[in-house]
Amino acid sequence: TDSALAVVVLAAGEGTRMRSSTAKVLHPLAGVPLIGHVLSTAAALHPQHVVAVVRHQRDAVVAAISELTEGVVIVDQDDVPGTGRAVELALGALDGFDGDVVVVSGDVPLLDSVTLTELVSAHRAAGRAASVLSALLDDATGYGRIVRDGSGAFTKIVEHKDATDDERLIVEVNSGTYVFNAGLVRDALAKVTTANAQGEKYLTD
């Protein structure tokens, strides 16, 4: 049976690499802000809850979200940086929720609902605690790498800045799209630290 589903949209980031005064998630694509495409994809999953975590240019991002769609729970990221902290706060706003949580980035507009639906279905069919959508890229520079052991089993995700030279040769990357069992990821995030090159609480940890 399908358990309850929540979608968390990560929209707190500044998008420093874009060198723009506009928040990354508000940049338009085909006349719609990036986050608008993501919210449409989220809605196609018919989730019980949609949570957006905001911080950078908070008011502009919140205004855009409320123009684009209704019923999104807004959560403000605090002074602890990182995607792990963002998801932790989002789960806090879904007190008592124990279904599956889909985590997507507010700046990944081309992720389609078919792919996301298949990811959720595969996650549930296998009874997994966590699933991550990866991609194979010719140039993986800047992306978190999917590290596997000799048998091909997943071992970890390492951010580009924290990766060894060997790990940087890996072409399988993290898309930033996940499905988690809410209770298990809530417990796990409580144990994640900020001991890394960025000083952030990484969801990937």
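## Arg145, helix H1 and two enclosed spaces

The side chain of Arg145 makes a polar contact with the side chain of His160, at 2.9 Å. This comes from a predicted model, so please read the distances here with that in mind.

Let's stay with Arg145 for a moment. Arg145 is found in strand E8, which covers residues 145-148. Its side chain also reaches the backbone oxygen of Tyr143, at 2.7 Å. Is Arg145 buried or exposed? Arg145 counts as buried because its relative accessible area is 2%, and the cut-off for that label is under 20%. Leaving aside neighbours within four places in sequence, Arg145 is in contact with Ala140, Lys156, Ile157, Val158, His160, Glu167, Arg168, Ile170, Glu172 and Val173. Another residue to look at is Val171, 26 residues away along the chain from Arg145, where the two C-alpha atoms are separated by 7.2 Å.

Next comes helix H1, residues 34-43. This helix is mostly covered, with seven of its ten residues buried. Those buried residues are Leu34, Ile35, Gly36, Val38, Leu39, Thr41 and Ala42. An α-helix has 3.6 residues a turn, so residues three or four places apart point the same way.

Helix H1 also takes part in enclosing a space. The structure holds one cavity of 30 Å³ or more, and about 40 Å³ of space lies in the largest cavity. Its lining is made up of Val38, Thr41, Ala42, Val104, Ser105, Val108, Leu111 and Leu116. Two elements, H1 and strand E6 (100-105), give two or more residues to that lining. H1 gives the most, with three residues.

The second largest pocket is an open space with a volume of about 470 Å³. Of the 18 residues that line this pocket, Ala130, Phe180, Leu203, Thr204 and Asp205 are the closest to its centre. Which elements give two or more residues to the lining of the second largest pocket? They are strand E7 (130-136), strand E9 (154-158), strand E10 (172-181) and helix H5 (182-189).

Here are the two linings by residue class:

| Space | Nonpolar | Polar | Charged |
|---|---|---|---|
| Second largest pocket | 13 residues | three residues | two residues |
| Largest cavity | six residues | two residues | no residues |

To tie this back to particular residues, Val38, Thr41 and Ala42 appear among the buried residues of H1, and these three names also stand in the lining of the largest cavity.

Definitions and conventions. Residues are numbered from 1 along each chain as its sequence is written. This is a predicted model: local features need pLDDT of at least 70, side-chain atom pairs count only at pLDDT 80 or more; totals for chains, interfaces and linings use all residues. Side-chain values use heavy atoms; hydrogens and water are left out. On a 1 Å grid over the protein atoms alone, a cavity is a set of points where a 1.4 Å probe fits but cannot get out, and a pocket is an open set with protein on both sides within 12 Å along at least five of seven lines; lining residues have an atom within 4 Å of a point. Grid points are joined across faces, edges and corners, and a volume is the space filled by probe spheres set on the points. Helices (H or I, at least four residues) and strands (E, at least two) are DSSP runs, numbered from the N terminus. Ala, Val, Leu, Ile, Met, Phe, Trp, Tyr, Cys and Pro count as nonpolar, Asp, Glu, Lys and Arg as charged, and the others, Gly among them, as polar. Buried means under 20% relative accessible area, exposed over 50%, partly exposed in between (1.4 Å probe, protein chains only). Contact means heavy atoms within 4.5 Å. A polar contact is a pair of N or O atoms within 3.5 Å; within protein, one must be able to donate a hydrogen and the other to accept it, and residues adjacent in sequence count only if both atoms are side-chain atoms.
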